[in-house]
Amino acid sequence: MKVIAKTEGNIYSFSKNHTPIYTAQDGESLTIETFDCFTDQIKSEKQPLAELDWNQINPATGPIYVEGAQPGDALKVTILAIETDVKGVMMVGPGLGALGEQVEEMKVKVMHVRYGRVLFNQLSLPVRKMIGVIGVAPAGEDVNCGTPGAHGGNMDNKMVTEGATLYFPVHTPGALFALGDLHAAMGDGEVSVSGVEVAGSVTVKLEVIKGMTIEQPILENGRYFTQIASAETLDEAAKLATDLLVNRLVAYSNLSFEDALMLMSAVGNVEVCQMVDPLMTVRAVFPKSILDQLETKLL
């Protein structure tokens with residue numbers, strides 16, 4: 001299996017103009033190494049933060065050209081495994097995150113990540129590995145890796161983990177896939193503006209779904225179908241995710257719009273992924289057990 005080292009190429013924006021660092025065959029599995037979101041710059045809590053290069057934030061390893069992917073297709077990305085480093089980093093700072101106006105000075109915390117636990121002060125927290133930045137080149141202008149959108153990007157969705165499959169709309173030949181910003185743990189919202197940031201590696205399988213037209217990223221796992229959406233406000237993102245999911249229910253079943261909306265209200269959930277990036281990200285989640293009763297799938 002091909003291993004792409006994190007030193008082979010990094011991007012700080014998703015763009016159709018980036019030169020690919022690797023060409024993957026349709027259906028190929030590969031392992032992608034990543035820096036943490038600070039490009040591994042933070043070595044200790046005593047390190048002067050003025051030394052950091054703030055232009056090196058949220059690097060993604062890539063881009064990877066996927067053979068056969070063309071505009072109007074979807075790129076299917078199955079997350080087979082995530083391996084994390086043994087060092088985790090978190091940060092808070094004035095003006096950052098949901099409560100940044102209450103933070104007086106920037107603070108860094110460095111934590112050990114081992115044996116399935118994160119050591120936070122005297123607390124032992126469970127490791128919950130996930131990918132913060134993952135996506136493809138957007139249709140229009142470049143989008144920095146700190147911003148989510150229809151192309152994916154910095155969605156910070158904790159469901160993007162081992163066993164999940166994502167679908168991204170392809171806007172440019174080869175899709176130009178990249179990922180980074182791994183977390184050893186992160187709660188919904190990512191309210192401080194960081195999870196437990198770690199370097200590591202991700203093994204994925206990349207497949208082209210010809211003619212699958214989607215507006216925003218979709219994620220599914222063994223239990224749930226989820227529609228992801230990003231917008232300027234949480235309200236707008238929640239409405240867009242719900243709209244796309246409910247109308248997909250209508251398109252793939254014999255439900256009326258009204259029945260699909262009521263069913264989503266009865267058994268579905270609208271959940272916050274992150275509320276601290278330039279755009280907010282929400283997921284609408286629907287149980288596959290109900291889809292089984294409807295005798296339908298949404299893909």
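Q: Two strands pair if DSSP finds at least two bridges between them. In this predicted model, how many bridges join strand β5 to β19?
A: β5 covers residues 29–34 and runs antiparallel to β19. One facing couple is Leu30 and Val204, with Val204 sitting in β19. Pairing needs at least two bridges, and the count joining β5 to β19 is six.

Q: And how many bridges does β7 make with β19?
A: β7 spans residues 74–84 and β19 spans residues 200–209, again in the antiparallel sense. Along this pairing, Ile82 stands opposite Val202, while Ile79 has Val204 as its bridge partner. The number of bridges between β7 and β19 comes to ten.

Q: Which strands are the edges of the open sheet?
A: Nine strands make up the sheet, with mixed pairing, in the order β1-β5-β19-β7-β16-β20-β21-β23-β22. From one strand to the next, the twist averages 25°. An edge strand pairs on one side only, and that picks out β1 (2–4) and β22 (269–274).

Q: Is β19 largely enclosed or not, and how many of its residues are buried?
A: In the sheet order, β19 sits between β5 and β7. The rest of the structure largely encloses β19, because the buried share of its ten residues is seven.

Q: What angle does helix α2 make with β23?
A: Start with helix α1 (residues 234–252), which lies across β20, β21, β22 and β23 and runs at about 30° to β23. Helix α2 (residues 257–267) also packs on the sheet, where it touches β22 and β23. Its direction relative to that of β23 is about 95°.

Q: Which residues have the most contacts inside the largest nonpolar core?
A: Nonpolar side chains tend to be buried together in soluble globular proteins. Here the largest such core has 41 residues. Leu206, for one, touches residues including Leu30, Ile64, Val66, Leu75, Val77 and Phe177. The residues with the most contacts inside that core are Ile134, Phe177 and Leu206.

Q: How many residues are in the other core, the one with Met264?
A: This core lies apart from the 41-residue one. Its members include Ala74, Tyr167, Met264 and Phe286. The size of this core is 23 residues.

Q: Which ring does the charged end of Lys109 sit over?
A: Aromatic pairs won't help here, as the count of those is zero. A charge over a ring does turn up: the charged end of Lys109 is 5.0 Å from the ring centre, inside the 6 Å limit used for this call. The ring belongs to Phe120.

Q: Which residue follows Gly62 across a cis peptide bond?
A: Most peptide bonds are trans. The bond leaving Gly62 isn't, with omega at about 0°. Its partner lies in strand β6 (residues 60–66) and is Pro63.

Q: Is Asn121 buried or exposed?
A: Asn121 has a positive phi of about 55° without being a glycine. Its place is the loop between β10 and β11. Since exposed means over 50% and Asn121 has a relative accessible area of 53%, the label is exposed.

Q: What phi does Val193 have?
A: Val193 is in the loop between β17 (177–183) and β18 (197–198). At 27% relative accessibility, Val193 is partly exposed. Most residues other than glycine have a negative phi. Val193 instead has a positive phi, of about 85°.

Q: How far apart are the C-alpha atoms of Gln216 and Phe168?
A: Gln216 sits in the loop between β19 and β20, yet Gln216 is buried, with a relative accessible area of 10%. Leaving out neighbours within four places, its contacts include Tyr167, Pro169, Leu240 and Leu244. Gln216 and Phe168 are 48 residues apart along the chain, and their C-alpha separation is 6.9 Å.

Q: Which strand holds Ser13?
A: Ser13 counts as buried because its relative accessibility is 15%, under the 20% cut-off. Beyond neighbours within four places in sequence, Ser13 touches His18, Asp142, Val143, Asn144 and Cys145. The strand, made of residues 13–14, is β3.

How values were computed. Residues are numbered from 1 along each chain as its sequence is written. This is a predicted model: local features need pLDDT of at least 70, side-chain atom pairs count only at pLDDT 80 or more; totals for chains, interfaces and linings use all residues. Side-chain values use heavy atoms; hydrogens and water are left out. Helices (H or I, at least four residues) and strands (E, at least two) are DSSP runs, numbered from the N terminus. Buried means under 20% relative accessible area, exposed over 50%, partly exposed in between (1.4 Å probe, protein chains only). Contact means heavy atoms within 4.5 Å. Axes are lines fitted to C-alpha atoms, for helices over the stretch in contact, and angles run from 0 to 180 degrees between N-to-C directions. A nonpolar core is a set of buried Ala, Val, Leu, Ile, Met, Phe, Trp, Tyr and Cys residues joined through side-chain atoms within 4.5 Å. Rings of Phe, Tyr and Trp (its six-membered ring) pair if their centres lie within 6.5 Å; planes under 30 degrees apart count as stacked, over 60 as edge-to-face and the rest as tilted. A charge sits over a ring if NZ of Lys or CZ of Arg is within 6 Å of the ring centre and within 35 degrees of the ring normal.
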